[in-house]
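The following note comments on one structure, point by point. Please read it with the model open.

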Amino acid sequence: MASPPSVDALAIPILNRPYDAPTRHFVVSASGPTGEIKEGRRPSESFIPIPRARRAHQADAQQELDLFDATGERREVNSLINQIRDDVELWRARGYDHVTHITRKLLLHWADDTREDRILFGQRDAAETAIFLTEVAGRGNYHDWRRALEQTNEEYNAGLPRFALKMATGAGKTVVMAMLIAWQTLNRQFASGNARNRWAQKFLLVAPGITIRDRLQVLKPTMPGNYYDEREVVPSDLREQLNSAQLVIVNYHAFLPRVRREFDGVNALTKNILSESDDSGFYNESESETVSRVLRDFGRMPKSEPIVVFNDEAHHCYQDKPQQTAGIKLTKEQREANTDARVWFKGLQAVAKHHRIARVVDMSATPYYLAGSGYNEGYLFPWVVSDYSLMDAIEAGIVKVPRVPVVDDSTEDQPTYLDLWSKIGDKLPKRQGAVPDAWVPPDELSGALRSLYKSYRRSFDAWNDELRALGEPPPVMIVVCSNTLVSRLVYEWIAGREITEGEQTIHSAGELELFSNAEHGERRARPQTILVDSVQLEAGNALSADFKNAAAEELAQYKNEYRHAHPGADVDQVTDAEILREVLNTVGKKGKLGEQVRCVVSVAMLTEGWDANTVTHILGIRAFGSQLLCEQVVGRGLRRRSYALNDDGYFEPEYSNVYGIPFAFIPSDVIPTEKPPARPALEVGTVEGREQYRIRFPKLDGYRLEVPDPQLYFDASDARRLLIARSTVPNEVLVEGFVGATETVRDDIQDPREQRAAYRVAEYLYKRRFMSGDEEIRPWTFPRLRQIASTYLTECVDYDDGLGISALLRSEERQHEAAEAIWDGITRFGSVDDLETRPQRLQPMLRRFDPEGDTSNVHFLTRKAVYETAKSEISHVVLDGRDGNTWEQLVAASLELDGDVAAYVKNDHLGFTIPYVHRGRSHSYVPDFVVRLVRRPDDVERTLIIEVSGGLKSPGPAIEKADTARNSWCTAVNNHGGFGRWGYVELKTMVGVEIAIRDAVANLYADEPVIGDPHLLSIAK
């Protein structure tokens, strides 16, 4: 049901949580968002440019077409994307059927809502769509969308197997590539025989330029700072196998044939003599030689081995139709873009001719054809299969909200600073000879610069008051110009210039104080504004010696990074152009060369690949002929600065102000109002000098039961009972349409016998509990497990009236619950009369490559209430709940005063979890506090886990959490012996909390039951 239309609703742009599927969206009319909020996810739509109607016929045109007045575009529903999306949503709801066990493990890992570093829904949606089309489409009752894609690729891509994932700038395309690389690689590692060739471990990543090419290095699993580790893309037990992935990362220019080595350095005349012709192909690489050079890092490989290609910013890669562009007048920029697209596409064709390309995955925020391609400008690539649009990203708070001028008091019908180029384009110089010595910008341009600068100054003052002391970089304004000449003039007007008088050189200050590179006639040691365009980068003279001296430490760090990225290179030969590129790429990044840059003046370098998250203001001084280009430029200012959630699980809105770019994707009649900036998030982290309070802890993937003899013991009288009740899963469904025949669908179980159910339960229990870990597999345990399962189903399972074993067989979740109840009975023992004959011991399954954590490197931001610590290595206890959590605060205060407490920490961003099973599914439990006790003479180190129940917390599966923490986790860790003695206590009331903590501490010192189930412990008190 749609909410009543309300302009006030637009004041709160964020409707959805970033990690969950969208549930609401703004209704968009021909004038933009209406303020009406509609339930459900936004359908995928495109806005196709159309010729503007003549004024005399404008009324008729408005009746015939749904137009966006400001852009002259027609709305068009993307039917293919929406239909595939429906199938993916159904598949997701069904629990990801028809996939390999590795794929399902990855999908559940990515969807895990207990992770500290969760995967954004838009990232999951894109990756899941790619997986669905590869593994699921055409199976079961899912439509086979691959046939339609094959036909599309034959028509538009000469048969290259492409599909495109459309994701808004800032939504995390690189993370999606990491997810898909992991999916392919790990499936190949665990496949056998011919099935291995279904999967790839060789990946060719193609980028439009050096900036993006270098940024994609984080996708190499062995690189420091790679995304697989930083973002926990794969479960820890699969991480090692991921290192088998081989990546070749190039920019598309690598597909251009190069001069053969034997002709390198030979002048053109000599080449012609040697070749006896003017044919450049004689001394250039052949097609096969070019492909071999591009792929040489793969080494020797059979032609049957698949390669998966990722095109980043894939709107640069398409097959054009030159015969349909005759007579169309294109700009130089448009001609170059089409030439680049031709090189990129033909390069992939060449690779496909000599090797097997299994799939080409296109990643882009704007996968549209450009003018001169032979297709309508702005026409969506027909092979796009997934769409997480800019509006989706804005409504989830994943990106900043771009704000454009909508009303001013000028004499113009339209705000002057909205489409600035139409006012100043013919007033700007086209060539150097037309520029006077003292260039004065047109009034509209200087007015736009000063107006946007005033807004920037407010952002700067807020940063200076709130964020500067926290070491955060300043806000950034970017100015995108039409050409190199205009960019230099604007740069000098903003930041100042050198004036030579006789033999004296004076550095004049710029017009905008915070951006000026000169002060008191001298150049600042570190520029606050940088000029970036191809001419300056080639000249390499944009950085002064003063700047290099002032940034000596950062330059040393950059050279170390350069040495690592280019083994064997002479870092002393690094050019100024390379340094300037590094400055640009690190704008807004702490401790890097570009950290303190406040303004960037550019020609075209910032249209893509630049990912600074500190941009708050953008000015366009050039023509913007399409919304495609508008979105690309505005996209540079959409990345969020803070990813801290508020108490309701939403991001707080952030904004970027945009002048001179008629970006009308979300036009609105609402005047954007300046809001005071939200209070900064508090930085919580490890405090230097508090090393004496460090706490270390083991990281477990699970538990294993050591059974020295072949006999397992189970007492049904002491086991947890299971009730099979009626559920929301139907057995019979009637389906019908508005007309036509109806159909009744029954879910009848074949062979509904108890023996079959016992076998299933035993099989699950055997695979989960007796085939994991490093111990030897003991197949003789399965017959006994089947006997125990049969006993359990006979004596411990109850059914609602009318239900029987079929109901259990129909529910995999209930079968898993039965298996876990049996496991609990086996490990806990029903009787201890003959304990000496039952030497079973529980042991921990430590994470293979990450077995231990501690409090030495914790840093995160929060807007929640906090309690400042003294007896902890971490600066604060973050209190859960909207206004804090009094219970947690009381516990923290009690721990500070307790003489037996040596150190404590709130378990927040530590990576300390307790694995447990609830309803047959694996989960991770995050307890509240970890407390290290004062070590007594001749004693082991003792650590207490404290859970604060009740209060503002949801109870959830509390019984399983507490039982697992005390009787499995503590038991297993204490049996290990390498981490001292651990205990667990749950505080269910704040009445007498000090006494409860004191009793738990005393029990832990005395090795009482807080340390685990005594029947499974191998330690002696």
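In which loop is Gln-528 found?

1. Gln-528 lies in the loop that joins β17 (522-523) to β18. The model is a predicted one, and the remarks below should be read accordingly.

2. Is Gln-528 buried or exposed? Its relative accessibility is 9%, and because the cut-off for burial is under 20%, Gln-528 counts as buried. Apart from neighbours within four places in sequence, Gln-528 is in contact with Glu-513, Leu-514, Phe-515, Ser-516, Asn-517, Val-597, Arg-598 and Cys-599. Its side chain reaches the backbone oxygen of Leu-514 at 3.0 Å. Between the C-alpha atoms of Gln-528 and Val-600 there are 8.7 Å in space, although 72 residues separate the two in sequence.

3. The strand that follows this loop belongs to an open sheet. Six strands make up the sheet, in the order β12-β21-β20-β13-β19-β18, with parallel pairing. Its edges are β12 (401-403) and β18 (529-532), each of which pairs on one side only. On average, neighbouring strands are turned by 20° against each other, direction ignored.

4. At the β18 edge, the partner is strand β19 (residues 599-602), paired in the parallel sense over four bridges. Within this pairing, Val-532 stands opposite Ser-602 of β19.

5. Two helices should be considered together with the sheet. Helix α15 (residues 443-466) packs on the sheet and touches β13 (476-481), β20 (615-621) and β21 (655-659); the direction of α15 makes about 175° with that of β20. Helix α16 (residues 484-495) lies across β13, β18, β19 and β20, and runs at about 175° to β18.

6. Helix α2 (residues 79-93) has 15 residues, which at 1.5 Å a residue should span 21 Å; the end C-alpha atoms are 21 Å apart, so the two values agree. The buried residues of α2 are Ile-81, Asn-82, Ile-84, Arg-85, Asp-87, Val-88, Trp-91 and Arg-92. After α2 comes Gly-95, with a positive phi near 90°.

7. Confidence varies along the chain. The mean pLDDT is 79, and 76% of the residues reach 70 or more. The lowest confidence is in helix α1 (residues 58-64), with a mean of 32, and the highest is in helix α4 (residues 121-136), at 97. Over residues 1-7 the pLDDT is below 50, yet the model gives this stretch 15 contacts beyond near neighbours in sequence. Residues 550-554 also stay under 50, with eight contacts beyond four places in sequence. Where pLDDT is low, the predicted coordinates should not be read in detail.

Key
Residues are numbered from 1 along each chain as its sequence is written. This is a predicted model: local features need pLDDT of at least 70, side-chain atom pairs count only at pLDDT 80 or more; totals for chains, interfaces and linings use all residues. Side-chain values use heavy atoms; hydrogens and water are left out. The expected span of a helix is 1.5 Å times one less than its number of residues. Buried means under 20% relative accessible area, exposed over 50%, partly exposed in between (1.4 Å probe, protein chains only). Two strands pair if DSSP finds at least two bridges between them. Axes are lines fitted to C-alpha atoms, for helices over the stretch in contact, and angles run from 0 to 180 degrees between N-to-C directions. Contact means heavy atoms within 4.5 Å. pLDDT is the predictor's confidence in each residue, from 0 to 100. A polar contact is a pair of N or O atoms within 3.5 Å; within protein, one must be able to donate a hydrogen and the other to accept it, and residues adjacent in sequence count only if both atoms are side-chain atoms.
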